[in-house]
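Reader: I'd love a close look at one part of this protein, please: one helix and its surroundings. Could you walk me through what it packs against and then follow the trail outward from there?

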Amino acid sequence: MNERNDREWHYTSVAHDAVDERHHGSINVPTYQTSLFAFETYDKFTQAAQDAQTHHVYSRGSNPTVLYLEEKLAELEHAEMAKCFASGMAAITAAILSAVKTGDHIVCVNQAYGPTRMFVTQYVKRFGIDSTLVDGRSVDNIRAALRPETKLIYLESPTSMLFQLQDLRACAELARSRGIATIVDNSWATPVFQRPLELGIDLVVHSVTKYISGQSDSVAGVVMGAKRLMSRIAEDEYMLFGGIMTAATAAQLTRCLRTLPLRMERHERSALTVATHLLGRPYVQQVNHPGLPSHPQRELAARQMGGSSGLFSFESAESPEKMREWANRLRFFKIGVSWGGFESLVTVNPAGDLCSPGARSLIRLHIGLESADDLIRDLEQAWADVQDLQL
Ligand SMILES: Cc1ncc(COP(=O)(O)O)c(C=O)c1O
């Protein structure tokens, strides 16, 4: 499928459903606001309980409203099966723990989401699981970190502060040749722009809180992959940890999903407009956006992604104090963590070791659904206000 048709297919996928007579032909799946499902006879109950994955018995295991969202997400991600969780972190930790046991070793990208890194490098130590963080831009770094006991390569591409990519196909091939599992955090690109399972990755995780929701009103996560792996997660980590998604949240997120492709195209276009504007501005030293021709991994980005989303960063030679004053003066960008919603956001961090030489601040922008022209005017009026401050 070419990129155009592929994008068009996403619109159909989120908008179309076969008529499902179980719900009286209702065009939306009802919210099954129930903790349990009752049976007329003990035989039916026993039969359902023996196969709780295909029957609804108890909502900590499965619920029709949640299952509907899981099936829609799996269709978009080209996965055999999905399980929805209470948060991105609930999904990520469940996926990781499904892949490792005591004595195993994890290789993880050094810029994975902070709490994910903490889980991999600190939390699982108590179970005797060791880890190595690597710069994932080169698959050779990943290969060099592998040990005989490595059982998982954890990836996040692009990373969500410096927007560096891993070659997902090459990582998947390396892992498969050594019998190692792979997980990718695909929250940034969403299935609209990247489908790691098609590149050979075993499991995809999302913070559904971000673009899939898009409304900044829910916290949610999902794990997707082959039925063989997902059935085990459904029985173990999903049922035993209990970090499940409720029917009410699933109903809300199903509404959100209908507009995901529309929103992603808008985020993409506006973010590229703003990022291009920033190139060459006096307060900008470098723009980190995988969709720009100047991105060092532009060729890889074009090969493994069908587009780019609305989150990127830029590095500045100005001090974090001055850039925070700049952020204070922004009218349309709100100061806050998270991303993926309708609203534009800004955070200002001190530049770390991984930033380019001379950078003092790392500024992350999320470009929301506002007019890109208004956002650019906002960035510039705030800069005009602070440019002469000695900070
Ligand atoms: C890249 C990435 N992955 C995962 C998460 C965790 O998701 P949640 O906050 O839904 O648990 C976040 C949250 O900011 C994130 O940025």
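Author: **Helix α5 and its surroundings**

Helix α5 spans residues 114–121, and its buried residues are T116, F119, V120 and T121. Happily, the neighbours are easy to list: these buried residues pack against α4, β2, β3 (130–134) and β4. Please keep in mind that the model is predicted.

Let's begin with one residue of the helix. T116 lies in α5, and it counts as buried because its relative accessibility is 0%, under the 20% cut-off. Leaving out residues up to four places away in sequence, T116 touches M89, I92, I96 and Y154.

I96 is a good one to follow next. Setting aside neighbours within four places in sequence, I96 is in contact with I106, T116, F119, V120, L152, Y154 and I183. Three of the buried residues of α5 named earlier, T116, F119 and V120, are therefore among the contacts of I96. I96 also appears, with L155 and V223, among the residues with the most contacts inside the largest nonpolar core, which has 80 residues. Helix α4 (residues 88–99) gives the most to this core, six residues. Both domain 1 (3–257) and domain 2 (260–386) contribute residues to the core, so it lies between them. Another core, of 27 residues, lies apart from it, and includes A275, W326, A372 and A382.

Now to β2, one of the elements that α5 packs against. V107 lies in this strand, which covers residues 105–109. With 0% relative accessibility, V107 counts as buried. Its contacts, not counting residues up to four places away in sequence, are T132, V134, I142, A145, L146, T150, L152, I153 and Y154. As for the stretch of chain towards α5, V107 and M118 are 11 residues apart along the chain, and their C-alpha atoms are separated by 13 Å.

Strand β4 is another partner of the buried residues of α5, and it leads on to β5. Strands β4 (residues 150–156) and β5 pair in the parallel sense over five bridges. Within that pairing, L155 has V184 of β5 as its bridge partner. Between the two strands the chain passes through helix α7 (residues 168–177), and this β-α-β crossover is right-handed. Strand β5 (residues 181–185) is mostly covered, with four of its five residues buried. Strand β5 also runs parallel to β6 (residues 203–207), joined to it by three bridges. There, D185 has V205 of β6 as its bridge partner.

Beyond β6 comes a residue that may interest you at the bench. K210 is found in the loop between β6 and β7 (221–225). An unreviewed UniProt entry annotates K210 as "modified residue: N6-(pyridoxal phosphate)lysine". In this model K210 counts as buried, at 12% relative accessibility. Leaving aside residues up to four places away in sequence, K210 touches S338, W339 and G340.

That brings us to the two domains. The chain is divided into domain 1 (3–257) and domain 2 (260–386), and their C-alpha centres lie 28 Å apart. Across the boundary, 39 residues of domain 1 are in contact with 38 residues of domain 2.

L260 makes a handy example here. L260 is found in helix α11 (residues 260–278) and, at 0% relative accessibility, counts as buried. Not counting residues up to four places away in sequence, L260 touches L76, T190, V192, Y211 and I212. L260 and S213 are 47 residues apart in sequence, yet 8.0 Å apart in space from C-alpha to C-alpha.

To finish the tour, there is an open sheet of five strands, in the order β8-β9-β12-β11-β10, with mixed pairing. Its edge strands are β8 (286–288) and β10 (334–335), each pairing on one side only. Inside the sheet, β9 (residues 311–316) and β12 (residues 361–366) pair in the antiparallel sense over six bridges, with S316 standing opposite S361 in β12.

If you return to the display, I'd suggest this path: the buried residues of α5 against α4, β2, β3 and β4, then I96 with its contacts, T116 among them, and then the core that lies between domain 1 and domain 2.

Methods. Residues are numbered from 1 along each chain as its sequence is written. This is a predicted model: local features need pLDDT of at least 70, side-chain atom pairs count only at pLDDT 80 or more; totals for chains, interfaces and linings use all residues. Side-chain values use heavy atoms; hydrogens and water are left out. A nonpolar core is a set of buried Ala, Val, Leu, Ile, Met, Phe, Trp, Tyr and Cys residues joined through side-chain atoms within 4.5 Å. Buried means under 20% relative accessible area, exposed over 50%, partly exposed in between (1.4 Å probe, protein chains only). Domain bounds come from an automatic or database domain assignment. Contact means heavy atoms within 4.5 Å. Two strands pair if DSSP finds at least two bridges between them. A crossover is right-handed if, with the strands pointing away from the viewer, the path from the first strand over the helix to the second runs clockwise. UniProt positions are given in the numbering used here, feature names are shortened, and annotations may be inferred rather than shown by experiment.
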